[in-house]
Amino acid sequence: MNEIINNSMNKEYKIINKIVDEVIDTLVDNMEELTTDYMFEIGEYDESTEKFVKDHENICDKVIKELYNRIKK
């Protein structure tokens with residue numbers, strides 16, 4: 001009986017983790033895409049240069065920190 005319960009819980013745990021992983025992957029992909037779009041639209045970038053890549057990474061880091069701060073409020 002315990003084995004059946006453990007298997008059921010293990011399956012549920014795997015499903016939850018899969019959903020969380022998929023959502024996180026989607027959020028990160030969307031954040032990176034939107035950051036790139038806004039950098040070209042609002043910033044003074046006209047191509048993906050080394051400066052663009054460094055700024056993109058910096059902006060994504062700041063977005064993640066801000067999301068964390070807003071979620072923790």
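## Exercises on helix 2 and a pocket

In this predicted model, the side chains of Asp 55 and Lys 51 make a polar contact at 2.7 Å (N or O atoms within 3.5 Å, one able to donate a hydrogen and the other to accept it; residues adjacent in sequence count only if both atoms are side-chain atoms). Local features need pLDDT of at least 70 and side-chain atom pairs 80 or more, while totals for chains, interfaces and linings use all residues. Numbering runs from 1 along each chain as its sequence is written, and side-chain values use heavy atoms, without hydrogens or water.

**Exercise 1.** Work out whether Asp 55 is buried or exposed, and what it touches.

*Solution.* Start with its place: Asp 55 sits in helix 2. Next, its relative accessibility is 18%, so Asp 55 counts as buried (under 20%; exposed is over 50%, partly exposed in between, with a 1.4 Å probe and protein chains only). Phe 52, His 56 and Cys 60 are the other buried residues of this helix. Finally, skipping residues up to four places away in sequence, Asp 55 touches Met 39 and Tyr 45 (heavy atoms within 4.5 Å).

**Exercise 2.** Check the span of helix 2 against its residue count.

*Solution.* Take the 23 residues, 50-72, at 1.5 Å a residue: expect 33 Å, since the rule multiplies by one less than the number of residues. Then compare the end C-alpha atoms: they are 33 Å apart, which agrees.

**Exercise 3.** Find which residue classes line the largest pocket.

*Solution.* List the lining: Ile 24, Leu 27, Val 28, Met 31, Ile 64 and Leu 67. Now sort by class: six nonpolar, no polar and no charged. Helix 1 gives the most, with four residues.

Definitions and conventions:
Helices (H or I, at least four residues) and strands (E, at least two) are DSSP runs, numbered from the N terminus. On a 1 Å grid over the protein atoms alone, a cavity is a set of points where a 1.4 Å probe fits but cannot get out, and a pocket is an open set with protein on both sides within 12 Å along at least five of seven lines; lining residues have an atom within 4 Å of a point. Ala, Val, Leu, Ile, Met, Phe, Trp, Tyr, Cys and Pro count as nonpolar, Asp, Glu, Lys and Arg as charged, and the others, Gly among them, as polar.
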